[in-house]
Amino acid sequence: MAAAGGLGAGLRRAAPFPGAGWLRTVGVGVGVGVGVGAGPGARGWSCFALSERAALRVRGPDAEPFLQGLLTNELPRLGPDVTDAPRARYAHCLNVQGRSLYDVILYRVHERPDEEPHFLLEGDRTVLTALQKHLLGYRIRRKVAVSPCPDVSLWAVLPGGEAGGDGPQRPPGALLWTPDPRAPCMGWRLVTGKEEAGGEVVAGGRLGSAREYREHRYRNGIPEGVRDLPPGAALPLESNLAFMNGVSFTKGCYVGQELTARTHHTGVIRKRLFPVRLEKAPPPGGLPPGAAVHTAAGKPAGKFRAGEGQVGLALLRSENVREALHVRLDDGSRLGLTPSVPDWWPRAGK
């Protein structure tokens, strides 16, 4: 496919795979975060099967106003110029107290304004039924259907050390292919049919493991799923939702908006989710979620959230991140950890 200059350029049509005729083969062009086109090929790119993620299908005449009132972000809507319309957005579903319940990536499936609104909602597989129940609880009389979508596979395509500035060419088996809306370090998101083999996802790309994918996310400070964002406990702005392009402060009302808007307008966010590196390997089984983090003087600095090997995430007071920090282990010893500030964070957040 030749290099293209906007959304929908190079649009492909292909015979639908069995059981998923509602999806069409679609793509995006350069200028949406990471380039697509002729580029240097897939060298340096790794493909990861997202076995911990799954999808819900949301479709119907009222799908847009329905989702608009439940998500923190604007929808990936079609505008007057369909070539510039986004294909995906990141968002959270909140409870009425304004705490995060589910983190989602919302993909737009329909391509023209005259088509019925149709979206794919990617979320944590372990709570997909709970997410569906949450959405249906607000359906009331709206004309919208929410159902599991087991006939697709979700992939992440991440840049490696040798990856060039352009992304890999759009895979021939792609049903949806778009830059990850959260941060450039997260590369591309890909939706395929179940029959696509891992080694054929991106020609010349390397098939990576779930562990490698988690390590990449943690090194770059990207939370994903209920392990990193405990439902009903995580606050969206402390979880860097604004940094990850996951919230709109100008959209209409949505469930849980009041606390998020008030926190944003006061400008006071004392704690944030930081990527951390442990000074040595943790005990077998890793550090327990919620393990207290202390300063050298013994003052509380925050809590460890989740990790993989020697990297992870911790919710820390911003005033303490330049101090020596540690977690006390069961044997009474201290395990040091060092927070870092990701390069992709906006300058004001560093």
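In the predicted model, Asp180 and Arg189 pair through their side chains in a salt bridge, with an N to O distance of 3.3 Å. Both partners are buried: Asp180 and likewise Arg189. This contact is one of 18 salt bridges in the structure.

A second buried pair involves Arg217 and Asp228. Their salt bridge brings the closest N and O atoms to 2.9 Å. The two residues lie eleven positions apart, and the contact links distant parts of the chain. Arg217 sits in helix 3, which spans residues 210-219. Asp228 belongs to the loop between helix 3 and helix 4, the latter covering 257-266.

Shared partners join several of these salt bridges into one network. Its members are Arg53, Asp103, Glu122, Asp180, Arg182, Arg189, Arg217, Glu224 and Asp228. Asp180 and Arg189, themselves bridged at 3.3 Å, thus appear in the network with Arg217 and Asp228.

The salt bridge between Glu212 and Arg206 has a partly exposed setting on each side. The closest N and O atoms of this pair are 3.3 Å apart. Glu212 has a relative accessible area of 30%. Arg206 reaches 40% relative accessibility. Both values fall between the 20% and 50% limits, so each residue counts as partly exposed rather than buried or exposed. Asp180 and Arg189, by contrast, are buried, as are Arg217 and Asp228.

Definitions and conventions:
Residues numbered from 1 in each chain as written. Predicted model: local features only at pLDDT ≥ 70, side-chain atom pairs only at ≥ 80, totals over all residues. Heavy atoms only, no water. Salt bridge = Lys/Arg side-chain N within 4 Å of Asp/Glu carboxyl O. Buried < 20%, exposed > 50% of the residue type's maximum accessible area, 1.4 Å probe, protein only. Helix = DSSP H or I, 4+ residues; strand = E, 2+ residues; numbered from the N terminus.
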